[in-house]
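Welcome, and thanks for opening the viewer. Keep the sequence panel beside the model, and select each stop as we reach it.

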Amino acid sequence: MVKVLTYEDGIAAVYGGAILGGGGGGLLEEGLKLVEEIFATGTPQLIDITDLEDEDLVACVAMVGAPSAADQYISHEQLCWSYESMNTYMGDRLKGIITNENGAITTINGWLQSVLLNVPVLDAPCNGRAHPTGIMGSLNLHEQKDYKSMQFYAGGKNEFAIQGFIEGDLQNTAKAVRNASILAGGMVGVTRNPVTIGYLKENGAPHAISAAIELGYSFLNGQTIEGKLENVIQQLNGKHIVSGIVTDYLLTKENGFDVGKLKVEDFHLTFCNEYMTLAKEGNIQSQFPDLIMTFDTEKMIPVPSASIKEGMHVVVILVDQLNLNLSTTMKNEALLQEIDEVIKAVL
């Protein structure tokens, strides 16, 4: 079924996506700004995965880079160039756009291209929560024998402007695009890895976009921060972990990731874009892909890891991975090894 998205849907998608971002997925203010751009341009359409045939092809669009990078820039033309180049390369066979994950920006990845190029967005992202590496949003394609990744990327302005195409091993192409994001000033827009609808049904997260919109409405309908959080916790079957002042906050950039740690009361959190671990007294209580998320109690908004400030009063919630709509990549322990090494460096 085709749904014409409204401006209100866009705002809800950003808030719901920010919560499901689990500390990553882009900055809330940037997502809200993008909603203004999208609906000033037109109205995107969201289609159900059952509207397409199993053999139809769709391609993933994503933003790759460090959300806190000061020089990040991606134009409308760069976003469209990336998708149009992929469609041309595939012989004009693409039937729609999918996003890589849920997040404040990533939930609405592709909505602007949908308007500008008159291409539908499919309600079936590669993952129902945000994740740090490109390969985690690649539907376990790297385990398909003889599979070659294809990625068109563009971003940056002035001397940072860069665009290109890369094809090859999925791990290597993902790392190359991550490096391109650094050269572009922090972020590139990517269209990558066309897949069939049949494959997406088995490995992606059908209906996770509409779920993010529903979650966003639920959060926004709360009248107080307590009411907002109660709505979120109830909808996600999560739990409140701790409320308190942020101390010992550290944020660094490592190979294009926002990496760091913080403390709230006697709980310690680490992050690599997304929150990776939650520990108390040296004992890990939860780890990615469980959803660990922080909320600014003063502004009553979800706040990602890159926007946390020393002295901020936050609430930390936790949602078990069993209660999330996740890609098959989130069960692939081999994909967590790269992140483990990054996190060990800040512990």
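Is L139 buried or exposed? Select L139 and turn on a surface: this residue is buried, with a relative accessible area of 2%. Bear in mind throughout that you are looking at a predicted model.

**Stop 1: two positive phi values**

Stay with L139 for a moment. Its place is in the loop between β5 (121-122) and β6 (149-155). Check the backbone there: phi is near 60 degrees, a positive value in a residue other than glycine.

Now select D92, in the loop between α3 (76-89) and β4 (94-99). D92 is not a glycine, yet its phi is positive too, at about 55 degrees. The setting of the side chain is another matter: D92 counts as exposed, at 58% relative accessibility, whereas L139 is buried.

**Stop 2: a cis peptide bond**

Next, select F288 and P289 and show the backbone as sticks. The peptide bond joining F288 and P289 is cis, with omega at about 15 degrees. P289 sits in the loop that runs between β13 (283-287) and β14 (291-296).

**Stop 3: α1 against α2**

Two packed helices are described by the angle between their axes and the distance between the axes. Select helix α1 (residues 7-20) together with helix α2 (residues 28-41) to see a first pair: the axes come within 10 Å and cross at roughly 160 degrees. An angle over 145 degrees counts as roughly antiparallel, so α1 is roughly antiparallel to α2. The crossing of α1 past α2 is right-handed.

Which residues of α1 and α2 meet? From α1, show Y7, G10, I11, V14, Y15 and A18; facing them from α2 are L28, G31, L32, V35, E36 and F39. Colour the contact of α1 with α2 by class and you will find nine nonpolar, two polar and one charged residues.

**Stop 4: α1 against α7**

Keep α1 on display and swap the partner for helix α7 (residues 208-220). Here the axes come within 6 Å and cross at roughly 95 degrees. Since 65 to 115 degrees counts as roughly perpendicular, that is how α1 and α7 are related.

On the α1 side, the contact is made by E8, D9, I11, A12, A13, Y15, G16, G17, I19 and L20. On the α7 side, pick out A212, I213, L215, G216, Y217, F219 and L220. By class, the residues of this contact divide into 12 nonpolar, three polar and two charged.

**Stop 5: T107**

From here, go to T107, in the loop between β4 and α4 (111-117). T107 counts as buried, at 0% relative accessibility. Setting aside residues up to four places away in sequence, T107 touches A13, G17, T99, E101, N102, I209 and A212. Try a distance label as well: T107 and I213 are 106 residues apart in sequence and 9.0 Å apart in space, C-alpha to C-alpha.

**Stop 6: the nonpolar cores**

How many residues does the largest nonpolar core have? It has 67, and those with the most contacts inside it are I38, V58, I108, W111, L122, L200 and L236. The largest share of this core, eight residues, comes from α1. There is also a second, separate core of 18 residues, which includes I241, L262, L278 and I308.

Zoom in on V58. Beyond its neighbours within four places in sequence, V58 is in contact with L52, L94, K95, G96, I98, L122, N193, P194, V195, I197 and L200.

Then select A59, in strand β3 (residues 57-65). A59 counts as buried, at 0% relative accessibility. Its contacts, again leaving aside neighbours within four places in sequence, are M86, L94, G96, I97, I98, T191, R192 and P194. Between A59 and I98 the C-alpha distance is 6.1 Å, although the two are 39 residues apart in sequence.

**Stop 7: L318**

Finish in strand β16 (residues 313-319), where L318 lies. L318 is buried, with a relative accessible area of 10%. Which residues does L318 contact, leaving aside its neighbours within four places in sequence? They are G238, K239, I241, S286, D290, L291 and I292. For a last distance label, choose L318 and G25: the two are 293 residues apart in sequence and 17 Å apart in space, C-alpha to C-alpha.

How values were computed. Residues numbered from 1 in each chain as written. Predicted model: local features only at pLDDT ≥ 70, side-chain atom pairs only at ≥ 80, totals over all residues. Heavy atoms only, no water. Axes fitted to C-alpha atoms, helices over the stretch in contact; angles between N-to-C directions. Helix = DSSP H or I, 4+ residues; strand = E, 2+ residues; numbered from the N terminus. Parallel < 35°, antiparallel > 145°, perpendicular 65-115°, else oblique. Left-handed = near helix turned anticlockwise from the far one by under 90°. Contact = heavy atoms within 4.5 Å. Nonpolar A, V, L, I, M, F, W, Y, C, P; charged D, E, K, R; others polar. Core = buried A, V, L, I, M, F, W, Y, C linked by side-chain atoms within 4.5 Å. Buried < 20%, exposed > 50% of the residue type's maximum accessible area, 1.4 Å probe, protein only.
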